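Student: Please take one small part of this structure and look at it closely with me, and then follow the connections outward at an unhurried pace.

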Amino acid sequence: MYKVLKKCGRAKRAEFHTPHGVIQTPVFMNVGTAGAIKGAVSTEDLEQLKCQVELSNTYHLHLRPGDKLIKEMGGLHKFMVWDKPILTDSGGFQVMSLSGLRKLSEDGVAFSSHVDGKKFFLSPEESIKIQHKLDSNITMCMDECVKLPASHETVKKSVEMSMRWAKRSRDAFVDRDGYGIFGIQQGGDYEDLRGYSAEKLKAIGFDGYAIGGLAVGEGQEVMFKVLDYAPGMLPDDKPRYLMGVGRPDDIVGAVL
């Protein structure tokens, strides 16, 4: 359940309820990519810092220690000794960053592990299946993230496939009370493609919406220009998640 408590301009104060607790928004998600924060930050440390939600990554956890093992251990919450909400990224960004090790098709992505070279295949359905095994509170649909700058034609082709993948991700998601799946708006720095993506996602219907494809080489000025219009294309009564942005001045600029 998502409840907006107050608004100030474009900023929202809200509560997002999950089976593992309430997330007070706006909130910064800590990045525990492989199930832990780098730098020897313990769960006890995070609790003392009043951290609300943890972000982990499907790609990395699938490679090691493996989602099957994590499921056998009782899910990612027990694996991490973390009883608060968890969001899992679909692996799309990692697939982009490992462009030399993967082959992209309509079906999904075939790639070689950056760890040992082992071959893997990640489809939208497989990504959702892995996140279900991890027992993630917030599942992200699988998408392709294009590095910017890129031509309109390149981004358009990518967005169209990402929206088809979004539908397949939503169809594969197992609905459970208190758990949700987020759709990811793409479109680079092209307003028409951002609008196209938003309309497709709203037609599919998600529990929350993310703004993806930013902080990938376009520069802060371009990012802020996109954020002047992109959030308003998404439902106001659902959570909105700005992906991949972590610098304090980026966060402040994205809200104001």
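Tutor: Let us begin at Ile251, which lies in helix α10, residues 248–255; helices (H or I, at least four residues) and strands (E, at least two) are DSSP runs numbered from the N terminus. This is a predicted model, in which local features need pLDDT of at least 70 and side-chain atom pairs pLDDT 80 or more, while totals for chains, interfaces and linings use all residues. Residues are numbered from 1 along each chain as its sequence is written, and side-chain values use heavy atoms, leaving out hydrogens and water.

Ile251 has a relative accessibility of 32% and therefore counts as partly exposed, the class between buried (under 20%) and exposed (over 50%), with a 1.4 Å probe and protein chains only. Together with Phe28 and Val255, Ile251 forms a nonpolar patch on the surface, and the accessible area of the three comes to about 240 Å². Such a patch joins nonpolar side chains (Val, Leu, Ile, Met, Phe, Trp, Tyr) within 5 Å, or like charges within 9 Å, from residues with over 30% relative accessible area and no salt bridge; the areas come from the Shrake-Rupley method with a 1.4 Å probe, only the protein chains shown counting as cover.

Moving from the patch to charged side chains, we come to the salt bridges, each a side-chain nitrogen of Lys or Arg within 4 Å of a carboxyl oxygen of Asp or Glu. The count by this rule is 13 salt bridges. One of them joins Lys133 to Asp67, with 3.3 Å between the closest N and O atoms. Because Lys133 belongs to helix α6 (residues 124–134) and Asp67 to helix α3 (residues 67–72), this pair ties together parts that lie 66 residues apart in sequence. The two partners also sit in different surroundings, for Lys133 is partly exposed at 23% relative accessibility, whereas Asp67 is buried at 4%.

Other salt bridges stay inside one helix. In helix α7 (residues 152–172), Glu160 and Lys156 stand four residues apart, about one turn of the helix, and their side chains meet in a salt bridge at 2.8 Å, N to O. Both ends are partly exposed, Glu160 having a relative accessibility of 25% and Lys156 one of 31%. Helix α8 (residues 191–204) holds Glu199 and Lys202, which are three residues apart, again about one turn, and in their salt bridge the closest N and O atoms are 2.9 Å apart. Here too the side chains are partly exposed, with a relative accessible area of 48% for Glu199 and 34% for Lys202. Salt bridges can also be chained together, as in the network that links Lys7, Lys12, Asp236 and Arg240.

Just ahead of helix α8 comes the loop that follows β11 (180–185), and in this loop lies Gln186. With a relative accessible area of 5%, Gln186 is buried.

Last comes a sheet, in which two strands pair if DSSP finds at least two bridges between them. Three strands make up an open, antiparallel sheet in the order β1-β2-β3. Its edges are β1 (2–8) and β3 (21–25), each with a single partner strand, so one side of each has no neighbour in the sheet. Strand β2, residues 11–18, pairs with β3 over five bridges in the antiparallel sense, and Phe16 stands opposite Ile23 of β3.
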